[in-house]
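Please open the structure in your viewer and keep the sequence panel in sight, since each stop on this tour begins with a selection.

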Amino acid sequence: MKIGIGIDTGGTCTDAVIYNFEEKRIMACAKASTTREDLSVGIEEAISKLPEEMRRRAEAIALSTTLATNACVENKGGRGKLFFFGANPEIVKKTGAEYGLTAEENLFFVDSRTNPNGFIQKQPDWDEFRRMLKEQLRDTDAVGVVEFFALKTGAVLEKKARAIIQEESDIPVVCGHELFEEYNIVKRGASTLLNARLLSTISEFIAAVKAAMLRLKLDIPFVIVRSDGSLMSEEFAKQYPVETLLCGPVASVMGAGELTSEQNALIVDIGGTTTDIAFVKNGIAKRAESGVHIGNWDTFVKGLFVDTFGLGGDSLITVNESGKMVLSNERAIPLSMIASKFPEILPMLDESKVSVAISFNQREEIYVALKPLKDAERYTEREAEVCKALLNHPMNLGKLGMVLNRNVSSESLKRLVREGAIMRCGVTPTDAMHILGDFTMYSVEAAYCGIYRLSRMAHTDVETFARNIYAAVEKKLFVNIGRILFEERYKEWRSGGISPQLEQAIGDLYDGDNDDFLNLGLKCKSALVGVGAPTHVFLPRVGEKLGAKVIMPEYAGVANALGAIVGNVVTRTTLEVGTDASDCSFILYGKGIRESFTYLNDAKERAKLLVEQMAREENTRRGGSADIAVTFDEEENYVDTTQGSTFLSYRITAVATGDYNLK
């Protein structure tokens, strides 16, 4: 009997399952809190709750995580820099924000020129490039390099730039041609920069998994879910973490597919930081047509279509100066959770609760550092002092100011929060669930203190405020499901999103359509399949308002962990043949290669040989077994002219599929 372990590390909980491959069933499952200060602790706890006899017989471990997803939605990550070769700076600055390039200080331009056939007309000044590196690599975690027409040149500039960077430092470098085959250099650059920013996030996760396995004496291979639902090895994931962009959400889709037989459904996964929604049509999960789009990032990452937005059990709840409750996209540690870890915070919360002031006061905002500051020299002296004071000592800004003997504003802490050095603590839907009894794993007293204070600011009582939080979560979920349904029906709306007016109209439907003249309605014809821990609290009422069947399968709470273990290794490799107008030869290019041929058939035969070889090698590198099946997809384009039919291009894709290596 072949057994595997599936693990999912989310922003709030870490889940684990034991899966029987032959009987295709979950044999055991477990859940633990995600320990942000040391991910290995939560991973170890979740695995250790599984029956020891079963986990000792496991032959593989498969992982999913929402860490990369959350980093994109919250715009967090390591310090990455991107070098453009041959790109027009003005065009990049004008269009970059469409793809996520919003911080121009991370972008650097190297002058070079390449024609559309891949001929380099002007080489970069490599000496100047070396001088630039000495200045720019000082405070950098990782580097991305992209080159204009890299597909046609064989990526010679990207390769040389990487070699020079590796001579100058030991900072990780990833070239665009290793990740993507598309031409749009701005979008390719954004995706490559995102990869650089995520390197530290995924490396930390993999190190935590290894540490947990070592303590549990589990010496078995592990693989990680990619954004397209296939699997990859740990080494591949460490080098190309952008491939994990939708790792957690996609695992939930695959897990839901195992748990229900619905042929047409919306898979709804409410986690700690984000809600992820995917389409299943005729039993097949919908794929992203032009690449994964998440948060501010529009990428070339191939994956399933998953719409991700900021809504989860850890979404920060505040009250504005007008006394109106605000449900934000910002993630916070729930007060109930932080007080369970640090009970000494309770007197401060109780003191805040009975405060005479019932208006907004920034001094009441609470922050904590859960791990020592890494690379302290990269931060200012004041930032380092803040982190030291908050390390395992949550406190509000008023108390922090007293400890440091100076005023501290939330504005001055933005970089520390963005880079994960500290975290904000506050009232969240998780705290409301503690008040209303739907989830009481942590401190009910802390949840009460936080919600009591906000309820006074909103001029209502604790229970009513908690129910208003539920209503806000349900309304945001309802509006986003409505938006997704409209964008699926009218696909031209997806790129720009629905209008604010239509979004307001959908929101009015949730509140109740009471217009005397116009009666509106919104009905979802497919089932809503809920997975994820808090989904059962919020989805049924939303489904009722949408007139949709709601399904909450058994093991819905661990669907992501199940989805991780049921995948396989799939790789797609594409090469193209075109013509070189300068000498009428045929050029084979793609994946960092460029070869010239006199005869078309020779180029096509070489392309088929190479593409299969590369697909098999890639499959093995990602953790596939020796038994790999390869299929081909060929496309040949000609144009009719007065002289007859003229060859334009030949494109061949090899798809290699194999199970992942078991122990």
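## Stops along the chain

Begin by selecting Asp 228 and Arg 572, which form a salt bridge whose closest N and O atoms are 3.9 Å apart. This pair links distant parts of the chain, with Asp 228 in the loop between strand 11 (222-225) and strand 12 (231-233) and Arg 572 in strand 27 (residues 569-580), 344 residues apart. The model you are looking at is a predicted one. Asp 228 counts as buried because its relative accessible area is 12%, under the cut-off of 20%, whereas Arg 572, at 43% relative accessibility, counts as partly exposed.

Next, select Asp 314 and Arg 331, whose side chains meet in a salt bridge at 3.1 Å, N to O. Here too the pair links distant parts of the chain: Asp 314 is in the loop between strand 18 (306-310) and strand 19 (315-319), and Arg 331 is in strand 20 (residues 325-331), 17 residues apart. Asp 314 is buried, with a relative accessible area of 0%, and Arg 331, at 5% relative accessibility, counts as buried as well.

Move on to Lys 187 and Asp 298, which form a salt bridge with their closest N and O atoms 3.5 Å apart. Lys 187 lies in helix 9 and Asp 298 in strand 17 (residues 297-298), so the pair ties together parts that are 111 residues apart in sequence. Are these two residues, Lys 187 and Asp 298, buried or exposed? Both Lys 187 and Asp 298 are buried.

While helix 9 (residues 185-215) is on screen, select Arg 188, which lies in this helix. Arg 188 is buried, with a relative accessible area of 3%, and a polar atom of its side chain lies 3.1 Å from the backbone oxygen of Glu 182.

For a group rather than a pair, select Arg 130, Lys 134, Glu 167 and Glu 168, which are linked in a network of salt bridges. Side chains of opposite charge can pair when their charged atoms come close. A search of the whole structure finds 47 salt bridges.

## A covered strand and its partners

Now select strand 9 (residues 142-147), which is mostly covered, six of its six residues being buried. In a regular strand the side chains alternate between the two faces of the sheet. In strand 9, Ala 142, Gly 144 and Val 146 point one way, while Val 143, Val 145 and Glu 147 point the other way, and all are buried.

Add strand 5 (residues 80-85) to the selection: six bridges join strand 5 to strand 9, and the two run parallel. Within this pairing, Phe 85 stands opposite Glu 147 of strand 9. Then add strand 10 (residues 173-175), which pairs with strand 9 in the parallel sense over three bridges. To find one of the contacts with strand 10, select Gly 144, whose bridge partner there is Val 174.

## Two positive phi angles

Select Ala 155, which is in the loop between helix 6 (150-153) and helix 7 (156-168). Ala 155 has a positive phi of about 55 degrees although it is not a glycine, and at 0% relative accessibility it counts as buried.

Then go to His 459, in the loop between helix 18 (444-457) and helix 19. His 459 has a positive phi of about 60 degrees, although it is not a glycine either. With a relative accessible area of 67%, His 459 is exposed, the cut-off for that class being over 50%.

## Helix 19 and a surface patch

From His 459, step along to Asp 461, which caps the N-terminal end of helix 19, a side-chain oxygen of Asp 461 lying 3.2 Å from the backbone nitrogen of Glu 463. Does the span of helix 19 agree or disagree with the value expected at 1.5 Å a residue? The 28 residues of helix 19 (residues 462-489) should span 40 Å, and the end C-alpha atoms are 41 Å apart, which agrees.

For the last stop, select Phe 517, Leu 518 and Leu 520, which make a nonpolar surface patch of about 380 Å². Leu 518 lies in the loop between helix 20 (500-511) and strand 25 (527-531).

Terms used:
Residues numbered from 1 in each chain as written. Predicted model: local features only at pLDDT ≥ 70, side-chain atom pairs only at ≥ 80, totals over all residues. Heavy atoms only, no water. Buried < 20%, exposed > 50% of the residue type's maximum accessible area, 1.4 Å probe, protein only. Helix = DSSP H or I, 4+ residues; strand = E, 2+ residues; numbered from the N terminus. Pairing = 2+ DSSP bridges. Expected span 1.5 Å × (residues − 1). Polar contact = N/O pair within 3.5 Å; in protein donor to acceptor, adjacent residues only side chain to side chain. Patch = residues over 30% accessible without salt bridge, like charges linked within 9 Å, V, L, I, M, F, W, Y side chains within 5 Å. Areas by Shrake-Rupley, 256 points an atom, 1.4 Å probe, with all protein chains shown as cover. Salt bridge = Lys/Arg side-chain N within 4 Å of Asp/Glu carboxyl O.
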